[in-house]
Amino acid sequence: MWLIWFDIPGTPRPIHFRHDGNVVKVEMIKRISEEKIAGNRMKVYERQSEVHGLMKQFQLKYELNTCKWFLYKI
């Protein structure tokens, strides 16, 4: 489950998601970039949030063609 809002230019901004049965609030955006994986354009969000009581850095990837979110490097 993801909760997302879109800014004026239409860039998606994740607010929180569910991981291992817990809701993880996305607290800090460190960087947003764009990459291509197998020809699919993706927005890459480098984030920091509290997970199980510890601050962790992770990546969220948003596939522009399918509007799907992926959690990387948690």
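Two strands are said to pair if DSSP finds at least two bridges between them. Strands themselves, like helices, are DSSP runs numbered from the N terminus: a strand is a run of E of at least two residues, and a helix a run of H or I of at least four.

Good morning, colleagues. The structure before you is a predicted model, in which local features need a pLDDT of at least 70, side-chain atom pairs count only at pLDDT 80 or more, and totals for chains, interfaces and linings use all residues. Residues are numbered from 1 along each chain as its sequence is written, and side-chain values use heavy atoms, with hydrogens and water left out.

I begin with confidence and overall form. The pLDDT, which is the predictor's confidence in each residue from 0 to 100, averages 81 over the protein, and 96% of the residues score at least 70. Among the elements, strand β1 (residues 2–6) has the lowest mean value, 71, while β4 has the highest, 86.

The protein contains seven strands and zero helices. Its radius of gyration, taken over C-alpha atoms, is 12 Å; the globule rule (2.2 Å times the number of residues to the power 0.38) gives 11 Å for 74 residues, a close value, so the protein is as compact as a globular protein of that length. Along the principal axes, the C-alpha atoms fill a box of roughly 35 × 25 × 20 Å.

Let us turn to the sheet. In which order do the strands of the open sheet stand? The order is β4-β5-β6-β7, four strands with antiparallel pairing. At the edges are β4 (28–37) and β7 (68–72); each has a single partner strand, so one side of each is left without a neighbour in the sheet. From one strand to the next, the twist averages 25°, where the axes are lines fitted to C-alpha atoms and angles run from 0 to 180 degrees between N-to-C directions. As a general point, strands of a sheet pair through backbone hydrogen bonds, either parallel or antiparallel.

The pairings can be followed residue by residue. Strand β5 pairs with β6 (residues 54–63) over 10 bridges, in the antiparallel sense. Within this pair, Glu 46 stands opposite Gln 59 of β6, and Met 42 stands opposite Glu 63 of β6. On the other side, β6 and β7 form an antiparallel pair over five bridges, and there Lys 61 has Phe 70 of β7 as its bridge partner.

The connections deserve a word. The hairpin of β5 and β6 has two residues between the strands, and in it His 52 takes a positive phi near 55°. The hairpin of β6 and β7 has four residues between the strands, and in it Cys 67 takes a positive phi near 60°. Ala 38, a residue other than glycine, also has a positive phi, near 50°. Ala 38 lies in the loop between β4 and β5. Is Ala 38 buried or exposed? At 78% relative accessibility Ala 38 counts as exposed, the scale being buried under 20% relative accessible area, exposed over 50% and partly exposed in between, with a 1.4 Å probe and protein chains only.

Next, the interior. Of the 74 residues, 34% count as buried. The largest nonpolar core, a set of buried Ala, Val, Leu, Ile, Met, Phe, Trp, Tyr and Cys residues joined through side-chain atoms within 4.5 Å, has nine residues: Phe 17, Val 24, Val 26, Tyr 45, Val 51, Phe 58, Leu 60, Tyr 62 and Trp 69. The elements giving two or more residues to this core are β5 and β6, and β6 gives the most, with three.

Finally, I draw your attention to two residues of β5. Ser 49 is found in this strand, which spans residues 40–51, and at 0% relative accessibility Ser 49 counts as buried. Not counting residues up to four places away in sequence, Ser 49 touches eight listed here in full: Val 24, Lys 25, Val 26, Glu 27, Leu 54, Met 55, Lys 56 and Phe 58; contact means heavy atoms within 4.5 Å. Lys 43 also belongs to β5. What does its relative accessibility of 19% make Lys 43? At that value Lys 43 counts as buried. With neighbours within four places in sequence left aside, the contacts of Lys 43 include Thr 11, Ile 32, Glu 34 and Tyr 62.

Thank you for your attention.
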